[in-house]
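Work through the exercises below with the sequence and the model in view. Each task is followed by a solution in steps.

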Amino acid sequence: MKITPLDIRQKRFETALRGFSKREVEAFLELIAGEFEEVVKENISLKEELKRTQLKLEQHLERERTLQETMVTAQRISEDMKAAAKKEAEIILADAEHQAEKIVHGAHQRLVQVVEDINELKRQRAQFESQVKSVVEAHQKLLETFSGRTFADKDYARVEDNVAYLTQKKAQNAE
């Protein structure tokens, strides 16, 4: 059973022979009722403050849970971003290596082609030199052949005399 300040004020005791002084008992009950009333008011006030504090605590706990969830989410996103960046870096590196291999392969093929072209040009040069040498030798043989005295050189004077004679005779016949 809960006792209220009003219960204390309204409490009446039976009087007995040689009992307590009625005035002192009533004064003491009034004093107790006042103190008890203050204790009840303070208790009510403390309960209200406790409720407010608990509400704030719940709000803070909720914020803390939200912050923890946010931190966990941020950490997960950070890890995902790191993983994605690592994967992207691996893809870029693999692509760069592939491109480098293609460039090296192309350069190697070009080198092979250039070497083949050089060898072909060397072969053509050797063939050309051989042909020029053959032409030079043939002309040299011709020069050697014509460098000796020929029929025309020996009889040049006689041929000139014959041409002159035939020219005169033709002129006479035409007259």
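**Exercise 1.** How many residues apart in helix α2 are R125 and E129, and what does this spacing come to in helical turns?

Solution. The model used here is a predicted one.
Step 1. R125 and E129 are four residues apart in helix α2, so about one helical turn separates them.
Step 2. The two residues form a salt bridge, with 3.0 Å between the closest N and O atoms.
Step 3. R125 counts as exposed because its relative accessibility is 57%, and exposed means over 50%.
Step 4. E129, at 42% relative accessibility, counts as partly exposed.

**Exercise 2.** State how many salt bridges are counted, and describe two that lie elsewhere in the list.

Solution.
Step 1. The count comes to four salt bridges.
Step 2. One of them joins the side chains of E120 and R123, at 2.5 Å from N to O. E120 and R123 are three residues apart in helix α2, and therefore about one helical turn separates them.
Step 3. E120 is partly exposed at 31% relative accessibility, and R123 is partly exposed at 43%.
Step 4. Another salt bridge links E37 with K41, where the closest N and O atoms are 3.8 Å apart. This distance passes the cut-off, since a salt bridge requires the nitrogen to be within 4 Å of the carboxyl oxygen.
Step 5. Both E37 and K41 lie in helix α2, four residues apart, or about one turn of the helix.
Step 6. E37 counts as partly exposed at 28% relative accessibility, whereas K41 counts as exposed at 53%.

**Exercise 3.** Is A33 buried or exposed? Find also how far A33 is from P5.

Solution.
Step 1. A33 is located in helix α2.
Step 2. Its relative accessibility is 0%, and buried means under 20%, so A33 counts as buried.
Step 3. A33 and P5 are 28 residues apart along the chain, while their C-alpha atoms are separated by 4.7 Å.

**Exercise 4.** Which residues form a nonpolar patch on the surface?

Solution.
Step 1. The patch is formed by F28, L31 and I32, which together have about 280 Å² of accessible area.
Step 2. F28 belongs to helix α2, which covers residues 22–147.
Step 3. F28 has a relative accessible area of 49%, so it is partly exposed.

**Exercise 5.** Where does R12 lie, and what separates R12 from E30?

Solution.
Step 1. R12 is in the loop between α1 (5–10) and α2.
Step 2. R12 is exposed, with 56% relative accessibility.
Step 3. From C-alpha to C-alpha, R12 and E30 are 12 Å apart in space, and they are 18 residues apart in sequence.

**Exercise 6.** Describe the protein chain as a whole, beginning with its helices and strands.

Solution.
Step 1. The protein chain has four helices and zero strands, and its pattern along the sequence is α-α-α-α.
Step 2. The radius of gyration is 68 Å, whereas a compact globule of 175 residues would have one near 16 Å.
Step 3. Along the principal axes, the C-alpha atoms fill a box of roughly 210 × 40 × 20 Å.
Step 4. Of the 175 residues, 3% count as buried.
Step 5. The chain exposes about 16,700 Å², of which carbon and sulfur atoms supply 59%.
Step 6. There are 30 positive and 33 negative charges, and their mean positions are 2 Å apart.

Note on methods: Residues are numbered from 1 along each chain as its sequence is written. This is a predicted model: local features need pLDDT of at least 70, side-chain atom pairs count only at pLDDT 80 or more; totals for chains, interfaces and linings use all residues. Side-chain values use heavy atoms; hydrogens and water are left out. Patches are made of residues with over 30% relative accessible area and no salt bridge: like charges are joined within 9 Å, nonpolar side chains (Val, Leu, Ile, Met, Phe, Trp, Tyr) within 5 Å. Accessible areas come from the Shrake-Rupley method with a 1.4 Å probe; for residues, only the protein chains shown count as cover. Helices (H or I, at least four residues) and strands (E, at least two) are DSSP runs, numbered from the N terminus. Buried means under 20% relative accessible area, exposed over 50%, partly exposed in between (1.4 Å probe, protein chains only). The radius of gyration is taken over C-alpha atoms; the globule rule is 2.2 Å times the number of residues to the power 0.38. Lys and Arg count as positive and Asp and Glu as negative; His and the chain ends are not counted. The place of a charge is taken as NZ of Lys, CZ of Arg, CG of Asp or CD of Glu.
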